[in-house]
Amino acid sequence: MFEKKERCSTDKNRLEEHYDIVVVGAGHAGCEAALACARLGLKTIIFTISIDSIAMMPCNPNIGGSSKGHLVREIDALGGEMGKNIDKTFIQSKMLNKSKGPAVHSLRAQADKADYSMEMRRTLQSERNLTIRQAEVSELITEEENEKKKVTGVRTYSGATYHCKAVILCTGTYLRARCLTGEMITYTGPNGLMAATYLTDSLEENGVEIFRFKTGTPARIDKNSIDFSKMQEQKGDEKIVPFSFSTNPEEIQIDQVSCWLTYTNEKTHEIIRNHLDRSPLYAGVIEGTGPRYCPSIEDKVVRFADKDRHQIFIEPEGLHTNEMYVGGMSSSLPEDVQQEMYRTLPGLEHAVIVRNAYAIEYDCINPNQLYATLEFKKIKGLFSGGQFNGSSGYEEAACQGLLAGINAAMSVLGKEQVVLDRSEAYIGVLIDDLVTKETHEPYRMMTSRAEYRLLLRQDNADIRLTKKGYEIGLVSKERYDYVCEKERLIEEEIERVSKVRIGAGKEVQEFLESMGSIPLNTGTSLTELIRRPELSYEVLSAIDKERPNLSYDVAEQVNIRIKYDGYITRQKKQVEHFKKLENKKISEEFNYDDVPSLRMEARQKLKLYRPLSIGQASRISGVSPADISVLLVYMEQKK
Amino acid sequence: MKTDTIAAIASAMTNAGIGVIRISGEHAIETADRIFKGKDKKILAEAESHTIHYGAVFDGAEKIDEVIVLLMRGPRSYTREDTVEIDCHGGVYVMKRILETVIRNGARLAEPGEFTKRAFLNGRIDLSQAESVMDLIQSKNEFARKSSLNQLSGAVSSAVKNIRAGLLYEIAFIESALDDPEHISLEGYPQKLKNKIALLSEEIDSLLCGSENGRLLKEGISTVIVGRPNVGKSSLLNALLNEERAIVTDIAGTTRDVLEEQIQLNGICLNITDTAGIHDTDDVVERIGVEKARTCLRKADLVLFVVNASEKLNENDDEILKSLERRHVIVLLNKSDLDTVTTIEDLKERTKESQTFRYLSISAKERSGMSELEEMIRELFFSGQIDLNDEVFITNLRHKAALQEAKQSLQFVLQSIEDGMPEDFYSVDLMNAYEELGKILGEAVEDDLVNEIFRKFCTGK
């Protein structure tokens, strides 16, 4: 199936157009990339295999979740679209991990998939500098400039040529995609859409190293065939918190739709075990590498054989459809086994499948070919984002798309490119991991990957990143001013609170007792009381007479900063140390062969990864602290 | 440029007359003030640069040594940073104590070559010397890494690995619950973690306890004395022991048949194992001893092969000779005070291997030839510029610091549990402990955690 084919249907097509930027693919990465470029004033065209699949959600029907919610907040603070779009189209919302520390609170919303896609399409359509085009891009056009490749345009399968100054590849799971359901294999992208068959060859001819990854999705089941009385209802939060910092919370307190919880059982597992020989994964038909964090149900049953049941979440796909997503049961087993297996679950005894579960294989790149700016090291003007870079997930895709878009725009505008570091954003962690560490599976964001997570909270993404977004040009002055004012109010209030003395009077003691808190021996500051685990800034308003009227988001920051001050200060110190090496930049032309004392392994790795800073160099496996010292000494000498 | 404060021993690690401990960095003077009490009661922070102060170093209330302190404020110092040099009475023990005290009071142990690196980066060393600075850093680190691994005893390394595995499991559990709160619950977990941490802390304690006696490391050159029965092995050991009266510790042998002693010969540290005489025997108990002797022989860095020069060589000597291939061997022709029957030439004729051996006539009984022996060992092991003992000692200190750091982090976790902090705060300190212990094994953290999460816990959509 994958033999080399003609990349153009005709050589007679003389259509030629000129743009500043070409975006290939209109998924979550492509949309953010295209919007960023267009909003920065560049003439942009976005290609998609099907206009109807713009911002499509081919897998889970939700946005956010642990650490992914952080990404969405960061996208929003930088001026991206995902947060706004989900705020307009969600049907249920939940703040996860509320009982845990603020750093791991994470917002997740169930989306109405059709609305999500349509709303994003509307946003793209209304962008003045943006053209949407349905076509398959089949070839990258490059030329040599000063011994380095440079991208100058793309060609479509129809033979048309689009000249441009930068290209952003966001091909998702479409490149040479094939879907597997048991013995059935189709050479299609997700949801039966056409695969993109030709571009891989062109990339390889340009020296791009290609990986093959796989992922999967569960079946969708007809809502009318489900007996919900046998499942536990999972409701949304009473008070809904928006994703976007620009959404007014009052305007999104909607009636929510529920999700449902059920479990697999021994019978389910037995059916799966009995049919493993018909699973392409276990029969060795699948060649791509799958993600360990998103295992198929057959994987779970085999690898965690001691578990007698697995949780399964039944989630609505939208208000206009009867389809319910079976979260936790992705599979590549054949259709007949799927039906049998799903029907063993309480409530699914008479389940009718609307769409089969399937595994999908696709081409992506080894992301170590990219700079942290998401530009290809060997091809100037070529950027990429999303699953094409070896990640997985809508949110991971969107944030890369945004950064790739920003940096493509910056390069066309001749401005400095933007790299977020690990102490600034989860986005920084994600991109740094992708381009610095070895990848063997689709990369998912996880909160444990962010070493400075106490600082990188979802609640302060606006404070962390709005300034950046404003400087880039994607955030309005008005919004930036709002954040500056917010920051001022927070600091002012922290200062005031530290000076409020609380005496051991009767009213105070009674209040403390009522909160289950130990009474005071002597007077103390309000700050000290806020630090008590059973108390908070909010509840202490009862004994804080002079408290100014502050908005919820300011009060939240005051509370967090006071309560976790010790930890936050500790991490800030670590960040200070981290920044020292991060701020020592290495030029793209740096010649590691000129440094005499580097060990061979380190030299090879450094030449391969071409880190942009000493900090990044220190994170490459095989580069020792001594090698870093040697680099520092060398660079000092050359200064 | 602001830098953290580092410390190291700047003189040779021998029992020489004067030892120098150097502290450099932003808080060097402050650190020194915490442990130094000047005779004139003045504090260093208020003293002029380039002044000398007489006083004593204290570890808490305990006076360690009388010292002279040199105060040099940056940039007029080797590193161009604030620098304090403590000149103490020489002696490995004193230097070690002072350095440890300095480290407990705010400095960190310098990386190999770090003073030179700082001197260079701060413009103190001529740019033309960059290359040699880089070589120095690379070679010192390489050596430290090697010696760190080589010196770590098997039991310690497996204990550290176990503790780390325990920590990693707990972190992975917490993290999977954070990543997938709907699948994994932390209900009742803090209490469980508390018990687990108590156990792990105990294990760290027992390692720390060992480190006090220098047992973390196979400090020094592992040396074995072999020979057939009754050639004077034990007298040799006694002679060596008396030579400098410098027994640091006596490490209990694994059985009564093998006795291990630690000896310091003018700065060279030897772990000497005296073995049962190797000979053919039918006695069961004796045979165990002989087996042990053979095992020690295989593991040793240095073999002292004792023969009785007043007797003829026999088949037992031949057998020992055979097992000495490609080893560092010094053949000691003992009993030189008696009539010589066996000569060096006799030995050289026995095997080809023996051509590469070194030979020395001694009399253990009369204690003659001991300084020549010492010189020979020195030549064998220290022909390079590298001073093995410095590195070994530093390694031990590094390990100890890492253990203490890890223990401290676990205390923080207990405190967080006590304070009712949310679970995600635990993993910050647990991870810190994990990383510190990793330093002992020379292992980078890489993707351990993510791998453990996927291996042990079933998460995901």
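The exercises below, each with a worked solution, concern a predicted model of a structure with chains A and B.

Local features are taken only where pLDDT is at least 70 and side-chain atom pairs count only at pLDDT 80 or more, while totals for chains, interfaces and linings use all residues. Residues are numbered from 1 along each chain as its sequence is written, chains are lettered from A and ligands numbered from 1 in the order in which they are written, and side-chain values use heavy atoms, with hydrogens and water left out.

**Exercise 1. Determine which residues of helix H13 of chain A are buried, and how they are arranged about the helix.**

Step 1. Helices (H or I, at least four residues) and strands (E, at least two) are DSSP runs, numbered from the N terminus, and buried means under 20% relative accessible area, exposed over 50% and partly exposed in between, with a 1.4 Å probe and protein chains only.

Step 2. H13(A) covers residues 506-514, and its buried residues are Val508(A), Gln509(A), Phe511(A) and Leu512(A). Viewed down the helix axis these buried residues fall within an arc of 160°, so they line one face of H13(A); the arc is that of the directions from the helix axis to the C-beta atoms.

Step 3. On the face turned away from the buried side, H13(A) carries the exposed residues Lys506(A), Glu513(A) and Ser514(A). The cover over the buried residues includes strand E24 (501-502) and helix H14 (526-531) of chain A, where contact means heavy atoms within 4.5 Å. Just after the helix, Gly516(A) takes a positive phi of about 70°.

**Exercise 2. Describe the burial of strand E14 of chain A and identify the strand to which bridges join it.**

Step 1. E14(A), residues 210-217, is mostly covered, with eight of its eight residues buried. Ile210(A), Arg212(A), Lys214(A) and Gly216(A) point one way from the strand, whereas Phe211(A), Phe213(A), Thr215(A) and Thr217(A) point the other way.

Step 2. Eight bridges join E14(A) to strand E21 (residues 358-365) of chain A, and the two run antiparallel; strands pair if DSSP finds at least two bridges between them. The bridge partner of Arg212(A) in E21(A) is Asp363(A).

Step 3. E21(A) also contains Glu361(A), which is linked to Arg178(A) in strand E12 (residues 178-181) of chain A, 183 residues apart. This link is a salt bridge whose closest N and O atoms are 2.6 Å apart, a salt bridge being a side-chain nitrogen of Lys or Arg within 4 Å of a carboxyl oxygen of Asp or Glu. Both Arg178(A) and Glu361(A) are buried.

**Exercise 3. Characterise the interface between chain A and chain B by its contacts, its buried area and its charged pairs.**

Step 1. In this interface, 58 residues of chain A are in contact with 49 residues of chain B. The buried area is about 4600 Å², of which carbon and sulfur atoms give 58%; buried area is the accessible area (1.4 Å probe) that two parts lose on being put together, summed over both. In chain A, Lys100(A), Tyr567(A) and Val633(A) lose the most area to chain B, together 13% of what that side buries.

Step 2. The count of salt bridges between the chains is five. Among them, Glu175(B) and Arg453(A) meet through their side chains at 2.8 Å, N to O, and Glu182(B) pairs with Lys94(A) at 3.8 Å between the closest N and O atoms. The latter pair runs from the loop between helix H5 (154-179) and helix H6 (189-212) of chain B to strand E5 of chain A. Lys94(A) counts as buried because its relative accessibility is 17%.

**Exercise 4. Locate the salt bridge between Arg278(A) and Asp336(A), and classify the exposure of both residues.**

Step 1. The closest N and O atoms of Arg278(A) and Asp336(A) are 3.0 Å apart. Arg278(A) lies in the loop between helix H6 (266-274) and H7 of chain A and Asp336(A) in helix H8 (residues 335-342) of chain A, so the pair ties together parts that are 58 residues apart in sequence.

Step 2. Arg278(A) counts as partly exposed at 26% relative accessibility, and Asp336(A) likewise counts as partly exposed, at 44%.
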